[in-house]
Amino acid sequence: MGDRLSSLPDALLHVIMSFLPVRQAVQTCVLSRRWEDLWCTMPYLSIDQREFDKAASGARDDLGRSRKSSRFEEFVNSLLMFHKAPSLDVFRFHVTENYEFKVVKRWFRRGIKCCPAVVEISSSANARFYELPHLGSSSHRLKRLHLVHIALDKSFTQQLSSGCPVLDDLKLDRCLLDSPEITSSTLKNLIVLDCTTYCGNVLTITAPAVVSLYLDITVIGWNWDGILVNEMPSLVEANVCLKQDRRSTSTSPKGPCKLLCSLSNVRKLELSGLKTLSTLHGESDTFPTFSDLITLLFNGCDLSDDFQILGCFLNNAPSLEKLTLQYCKLPEGSKKRKRNENPKRISIKCQDTLTFQCPNLKLTEIKYKEDDVHQLFGLLSGIWRSLQKTTIMLTKD
């Protein structure tokens, strides 16, 4: 029976090889003459040092780890030397060890030089911050850029704003930003997770075409003084978590943190983190109107202000259909009662003065960790008296 797999065209074989770890993809060269040089032209390069770490998991001493690192370095040098694809569809690289900066930068530069459409570069948390080389003209095909634990100098901001004409997906995860600015007219998906800066600055985001935004930042403390997001008229989905550094004694950001107005066009909004609501609202006298908001989720937020901020959202979201309160900090009346108390005799103080105007709200889901359904429901029933045709669903963890 003939070798039907080898009879396939190079393009299909390259797709098959893209699912293999890079070392196995190279090892296909021993199968036959047909496969001898296929790996040299495959448009996918996915280099992950963790693949080599698993193969050398028995090396426990420093000498063994040093040999393992040396073998990986030799492999990558040979791979990039003999690989001759004119362009790449995908270039992925993950490094776990500390090498000389110039060595790793040379690896990154070699892959980026092939004008990849997708670039995903990351390093382990225990490794040093490696720098992203200048993208230059190689970024004209770049559509997705995902970076994890990578240092970005001031030139990155300039490249992002003018040198990446088709970039629509950007993820910065635990990156070190020299210039606290993200500017792009083409981005549609933006994720910023736990990024840091050299000194206290205001993180400024200007991305008017963004459809999906995920922002998870320690905004109060030594990382940032504040966050400023400019208008996002195309925004559909947003997830915002603003955390406070435990070492910080400040209770409010020093710089601007006016995100709400920029999120006013959103349809699905998730706010998480204990300090997020108070930080977002701040001392603003005006609350924006969320005309298109359909789904609103508060995850682990502080609602102990007798639902004042929650009321602002409900009164300014006329199209809201579903509200979820997930493990939020509720007013004091929601504390768990003593075991010997009779639930029928519990007195709950409710904010009857609050009036919510949210005519389209159909479902309110409350997820909680307390084991006292009676007291929780008693607290909330007084607040929802003004809502029409609203179903309240309680879910215990």
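Helices, taken as H or I runs of at least four residues, and strands, taken as E runs of at least two, are DSSP assignments numbered from the N terminus. The legends below describe a predicted model.

**View 1. The annotated F-box span and its secondary structure.** An unreviewed UniProt entry carries the annotation "domain: F-box" for residues 5–43. In the predicted model this span is 46% helix and 0% strand, and the C-alpha atoms at its two ends lie 19 Å apart.

**View 2. The protein chain as a whole.** The protein chain contains 10 helices and 20 strands, and buried residues make up 46% of its 397 residues. Among the contacts with a sequence separation of 6 or more, 71% are accounted for by residues that are 24 or more positions apart.

**View 3. Strand 5 between two pairing partners.** Strand 5, which spans residues 144–148, has 4 of its 5 residues buried, and it is therefore largely enclosed by the rest of the structure. It pairs in the parallel sense with strand 3 (residues 118–123) over 5 bridges, and in this pairing I121 stands opposite L147 of strand 5. Strand 5 also pairs in the parallel sense with strand 7 (residues 169–173), again over 5 bridges, and here R144 stands opposite D169 of strand 7.

**View 4. The largest nonpolar core and the surroundings of F290.** In soluble globular proteins, nonpolar side chains tend to be buried together. The largest nonpolar core of this model has 99 residues, and those with the most contacts inside it are L147, L172, L269, F290, F298 and F313. When residues up to four places away in sequence are not counted, F290 touches L260, L263, S264, V266, L269, F313, N316, A317 and P318; two residues of this set, L269 and F313, are also listed with F290 among those with the most contacts inside the core.

**View 5. The open sheet of strands 4, 6, 8 and 11.** The 4 strands of this open sheet follow the order 4-6-8-11, and their pairing is parallel. The edges are formed by strand 4 (130–131) and strand 11 (196–197), each of which pairs on one side only. Strand 4 is joined to strand 6 (residues 150–152) by 2 bridges in the parallel sense, and Y130 has I150 of strand 6 as its bridge partner.

**View 6. The open sheet of strands 9, 12 and 14.** This open sheet is built from 3 strands in the order 9-12-14, with parallel pairing. Strand 9 (181–183) and strand 14 (226–229) stand at the edges, and because each has a single partner strand, one side of each is left without a neighbour in the sheet. From one strand to the next, the twist averages 5°. Strand 9 and strand 12 (residues 202–206) pair in the parallel sense over 3 bridges, with T204 of strand 12 as the bridge partner of E181.

**View 7. The buried acidic residue D216 and its contact with K243.** D216 lies in strand 13, which covers residues 212–220. Its relative accessible area is 14%, and since buried means under 20% relative accessible area, D216 is classed as buried. The side chains of D216 and K243 are joined by a polar contact of 3.1 Å. With residues up to four places away in sequence left out, D216 touches V192, L193, D194, C241 and K243, so that K243 appears both in this contact set and as the polar partner of D216.

Terms used
Residues numbered from 1 in each chain as written. Predicted model: local features only at pLDDT ≥ 70, side-chain atom pairs only at ≥ 80, totals over all residues. Heavy atoms only, no water. Pairing = 2+ DSSP bridges. UniProt positions renumbered as here; feature names shortened; annotations may be inferred. Buried < 20%, exposed > 50% of the residue type's maximum accessible area, 1.4 Å probe, protein only. Polar contact = N/O pair within 3.5 Å; in protein donor to acceptor, adjacent residues only side chain to side chain. Contact = heavy atoms within 4.5 Å. Axes fitted to C-alpha atoms, helices over the stretch in contact; angles between N-to-C directions. Core = buried A, V, L, I, M, F, W, Y, C linked by side-chain atoms within 4.5 Å.
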